[in-house]
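Dear colleague,

Please find below the structure that I am handing over to you, together with its sequence. My account of what was found in it follows directly after.

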Amino acid sequence: MSNALPKGFLSESLSRIQPSPTIAASQKARDLVAAGRDVISLGVGEPDHDTPENIKNAAIAAIRRGETKYTAVEGIPELRKAIAAKFKRENGLDYKVSQTFVSPGGKAVVYNALLATLNAGDEVIIPAPYWVSYPDIVLLGGGKPVMPETAMADGVKLRPETLEAAITPKTKWLILNQPCNPTGACYTRDELKALAGVLLKHPQVWVLTDDMYEHLVYGDFKFVTPAQIEPALYERTLTMNGVSKAYAMTGWRIGYAAGPQHLINAMDMVQGQQTSGTSAISQWAAVEALDGTQDHLPVFKKAFERRRDLVVSMLNQTRGLKCPMPEGAFYVYPDCSELIGKTMPNGKKVETDEDLVLGLLETEAVAAVHGSSFGLGPNFRISYATSDEKLEEACRRIQRFCGNLK
Ligand SMILES: Cc1ncc(COP(=O)(O)O)c(C=O)c1O
C-alpha cells in the first residue's frame, strides 16, 4: 500500500504556507546532537530561565482546588481582570474586562484576530524582517501579506514614508512587533508618533501590536505601545501581549489581548470553534504572573542585558559581521553581507545567508537562523537566551568560522 495521500486530499491553503524555519533549524541541530556533536543551539526564541516558583505554586494550588474544567472561551474572569489591570498599570490603557481576551499563546491571539477579520485579497502590512508566523497566518486566512523592508541604517525600524507607500485601499492591518523578533529593535515614543501620524490619514488600517517582549528592554529604554501614544488609534488597535517570554512560560500557552469590543467578540467566535479557550490551570498561573510579585523581572533583564552586550561586542569583533545594538528582546541580527561570495574551507561557496548558517552549523556546530527566512538579509538571527559560557564559546566559534572564509 502506498503511503502517499490521495491527490487533492490536502487543503490548498496548506500549499501557501511553509514550516517554521526556526523549528526546522532546531530540528537540524537536534539531528547533529543525536550524531554526537557538541552543538550550541542559538536558534530558538525561548528564555533559558525556569518559570518563577510563585507562578508554579499558583498552578499547583489551582489543580488542588479542582480548577480543572472547561473555562469560558475568552478566559476566566480573574485573568481578564488581571489583564485589564495590567494594561492600566503598565500602559495607561483603559480596557473594560469584557474587552480583554485570553488565548493559548500569543500566536493564537494573532491567529484568532486575523481569521476573524480577513477576507480574500485583504492586505496586511508586515514590516520586514518579521516574526516568521505572521505572513503564513495571513496566507492561511486568505489575506495578502505586504512586507515593506526596513534598513539596517534605520535601526531596522519602519520609516513613516515606507509605511505610507505600503498602504492601499485594501490594507486592513498593520502588524507592529516591538521589541522585534528577530532584530530586538524597539520604537521610541517619537518614532511611534510619526507612524501614528501616517495611520491617522488611513482610517481603514487597524493596528495589531505584538508587545510580547515589552518587559525585555534594556538600559534606560522606555517601552510604549501605539494605543498609548495616540488615543485616536485606540479604537482600531488590538494590543497583544503574553506571559511566554517575560515570565519564562512558553510551555504554559497563554497569550492575551485587549481591543475594541466587536473585534473581541469576533475573536471569541473563532476561538469558540477552535480550542474552546485555554487550559484552566495555565490561566490561574497567569493570574499570579500578572498580579503577583514581579521580582524575577530585574533578574531576567540583568542576565539578558549582560548577554546582549557580550554577544554584540564579540560579533562586532568578527571579520565580516556588523551587529547593531538592539533595544530589547533576546535576539541580535548581525549583517553578514560582506561574507557573501566567500568560500568555506570545504570549498563550498557562501552564496546566501542560508549557506552561511548551514556552514556554521556543519563546521562549528553553532545553530542560528538565516535572515532571509525573516524577510531581510543577508543577516542571521542569534537568540542569546542561553548561558554566558555557551554564548562566549558560540561567538568564538563564529569568529573562527568567519575568519576562515576566503
Ligand atoms: C514576536 C512574537 N510574537 C508572538 C510569539 C508567540 O508567543 P507564544 O509562544 O505565546 O505563542 C513569539 C514567539 O516566539 C514571538 O517571537
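**Findings: ligand site and backbone**

The ligand occupies the space of the largest pocket. Please bear in mind that this is a predicted model.

Around the ligand there are 13 residues, and the closest are Asn181, Asp210, Tyr213, Ser244 and Lys245. Sorted by class, this shell comprises four nonpolar, five polar and four charged residues.

Three side chains may be inspected for their polar atoms facing the ligand. Asp210 places a polar side-chain atom 2.5 Å from a nitrogen atom of the ligand. In the side chain of Ser244, an N or O atom is 2.6 Å from an oxygen atom of the ligand. For Arg253, the distance between a side-chain N or O atom and an oxygen atom of the ligand is 2.8 Å. The protein buries 92% of the 390 Å² that the ligand exposes when taken alone.

Arg253 also deserves a look for its backbone. This residue belongs to the loop between strand S7 (237-242) and strand S8 (255-258), and its phi is positive, at about 60°, although Arg253 is not a glycine. Its relative accessibility is 36%, so Arg253 counts as partly exposed. A second case is Ala329, where phi is likewise positive and near 60°. Ala329 sits in the loop between helix H13 (296-316) and strand S9 (331-332); with a relative accessibility of 0%, Ala329 counts as buried. As background, most residues other than glycine have a negative phi, and most peptide bonds are trans.

Two cis peptide bonds should be noted as well. One joins Gln178 and Pro179, with omega at about -15°; Pro179 is placed in the loop between S5 and H8. The other runs from Gly377 to Pro378, with omega near 5°, and Pro378 lies in the loop between strand S11 (369-370) and strand S12 (380-383).

Asn181, one of the closest residues to the ligand, is located in the loop between strand S5 (171-177) and helix H8 (189-200). Its relative accessible area is 4%, which is under 20%, and therefore Asn181 is buried. The side chain of Asn181 is also in polar contact with the side chain of Arg381, at 2.6 Å.

Finally, Pro52 is found in the loop between strand S1 (40-41) and helix H3 (53-65). With 10% relative accessibility, Pro52 counts as buried. Its C-alpha atom is separated by 29 Å from that of Tyr333, and the two residues are 281 residues apart along the chain.

With kind regards

Conventions
Residues are numbered from 1 along each chain as its sequence is written. This is a predicted model: local features need pLDDT of at least 70, side-chain atom pairs count only at pLDDT 80 or more; totals for chains, interfaces and linings use all residues. Side-chain values use heavy atoms; hydrogens and water are left out. A residue is near a molecule or strand if one of its heavy atoms lies within 4 Å of it. A polar contact is a pair of N or O atoms within 3.5 Å; within protein, one must be able to donate a hydrogen and the other to accept it, and residues adjacent in sequence count only if both atoms are side-chain atoms. Accessible areas come from the Shrake-Rupley method with a 1.4 Å probe; for residues, only the protein chains shown count as cover. On a 1 Å grid over the protein atoms alone, a cavity is a set of points where a 1.4 Å probe fits but cannot get out, and a pocket is an open set with protein on both sides within 12 Å along at least five of seven lines; lining residues have an atom within 4 Å of a point. A molecule sits in a cavity or pocket if more than half of its atoms lie within 2 Å of its grid points. Ala, Val, Leu, Ile, Met, Phe, Trp, Tyr, Cys and Pro count as nonpolar, Asp, Glu, Lys and Arg as charged, and the others, Gly among them, as polar. Helices (H or I, at least four residues) and strands (E, at least two) are DSSP runs, numbered from the N terminus. Buried means under 20% relative accessible area, exposed over 50%, partly exposed in between (1.4 Å probe, protein chains only).
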